[in-house]
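Hi there,

Here is the structure I promised to pass on. Have a look at it first, and then read my notes below.

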Amino acid sequence: MPPSATARRPRAPRLSPEARRASLIEAGIHVVARRGLSGARPVDVAEEAGVSEATIYAYFENRDELINAVLDEVGRHFLAITTAVFERNVALPERYADVFDAIAASAARDPDHARVWFDWASAMRGELGPRFLEAQSGLTEIMASAVRSTPKNERGGLELHPDDVAHLVLGAGEMMVRLQLAGKKPRDIRRFVRSTLGALFPER
């Protein structure tokens with residue numbers, strides 16, 4: 001006998017409140033990645049997580065609070081990657097090379113975080129714009145601080161202002177991920193990254 005058209009998705013397992021909230025945010029990331037910030041609805045997140053829509057409102061007062069939690073988690077995701085790379089005790093050019101590698105690996109492993117980041121970057125209306133700029137500035141400050149704390153003779157020939165370097169690398173990193181998501185050949189993406197690093201660090 002074929003399954004009923006009204007068959008429900010299996011119920012989600014019992015979780016602690018903290019784990020349940022985290023699972024709802026993770027489901028929200030997947031939904032926003034598919035439907036965009038404007039199209040993501042709490043009912044979609046509930047279906048993705050395997051819970052009732054009422055469960056969403058037990059953890060989030062309204063849709064805006066849910067979406068903000070999703071965006072905050074995406075921001076933390078990329079901040080954690082960037083922080084981990086720039087805390088390494090290696091030469092400055094290598095840290096910049098490593099951040100490209102780390103972001104590429106993250107996008108290959110879980111592209112939905114990147115898709116949400118890109119949608120967020122284009123949604124500059126209301127409070128989403130300032131929220132995105134705050135998240136972005138957290139990343140660029142880490143990268144710029146690494147330049148400022150490195151003696152000039154150890155910068156691999158870098159001549160640009162630290163803030164400009166950070167913004168250029170963030171933009172190049174986003175372009176690299178867009179190329180990945182578009183299915184461009186890995187060798188072409190590697191060439192793009194090498195060209196970027198070579199322009200910034202001619203003595204690398």
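Let me start with Arg-178, which sits in helix α8; helices here are DSSP runs of H or I of at least four residues, and strands are runs of E of at least two, numbered from the N terminus. With a relative accessibility of 41%, Arg-178 counts as partly exposed (buried is under 20% relative accessible area, exposed is over 50%, and partly exposed lies in between, with a 1.4 Å probe and protein chains only). Its C-alpha atom is 9.5 Å from that of Ala-107, although the two are 71 residues apart in sequence.

Before going further, please keep in mind that this is a predicted model, in which local features need pLDDT of at least 70 and side-chain atom pairs count only at pLDDT 80 or more, while totals for chains, interfaces and linings use all residues. Residues are numbered from 1 along each chain as its sequence is written, and side-chain values use heavy atoms, with hydrogens and water left out.

Now to the core. The largest nonpolar core has 60 residues, and Tyr-96 and Trp-117 touch the most other members. Such a core is a set of buried Ala, Val, Leu, Ile, Met, Phe, Trp, Tyr and Cys residues joined through side-chain atoms within 4.5 Å. At least two of its residues come from each of α1 (17–35), α2 (42–49), α4 (63–86), α5 (92–109), α6 (111–121), α7 (128–148), α8 (162–181) and α9 (186–200). The most come from α4, which gives ten. Leaving out residues up to four places away in sequence, Trp-117 touches Val-74, Gly-75, Phe-78, Phe-132, Ala-135, Gln-136, Leu-139 and Glu-174, where contact means heavy atoms within 4.5 Å.

Two of those contacts of Trp-117, Phe-78 and Glu-174, turn up again around a cavity. The structure holds one cavity of 30 Å³ or more, and the largest has a volume of about 210 Å³. Of its 15 lining residues, Phe-78, Ile-103, Leu-170, Gly-173 and Glu-174 are the closest to its centre. Two or more lining residues come from each of α4, α5, α6, α7 and α8, with α8 giving the most, five. On the method: on a 1 Å grid over the protein atoms alone, a cavity is a set of points where a 1.4 Å probe fits but cannot get out, whereas a pocket is an open set with protein on both sides within 12 Å along at least five of seven lines; lining residues have an atom within 4 Å of a point. Points are joined across faces, edges and corners, and a volume is the space filled by probe spheres set on them.

Next, α9. Its 15 residues should span 21 Å at 1.5 Å a residue, and its end C-alpha atoms are 21 Å apart, so the two agree (the expected span is 1.5 Å times one less than the number of residues). Buried in α9 are Ile-189, Val-193, Thr-196, Leu-197 and Leu-200. They are on the same side of α9 because they cover an arc of only 95° around the axis, taken from the directions from the helix axis to the C-beta atoms. Arg-187, Arg-194 and Ala-199 are exposed on the other side, and what covers the buried residues includes α5 and α8.

The second largest pocket, with about 200 Å³ of space, also involves α9, which gives the most to its lining, six residues.

Best wishes
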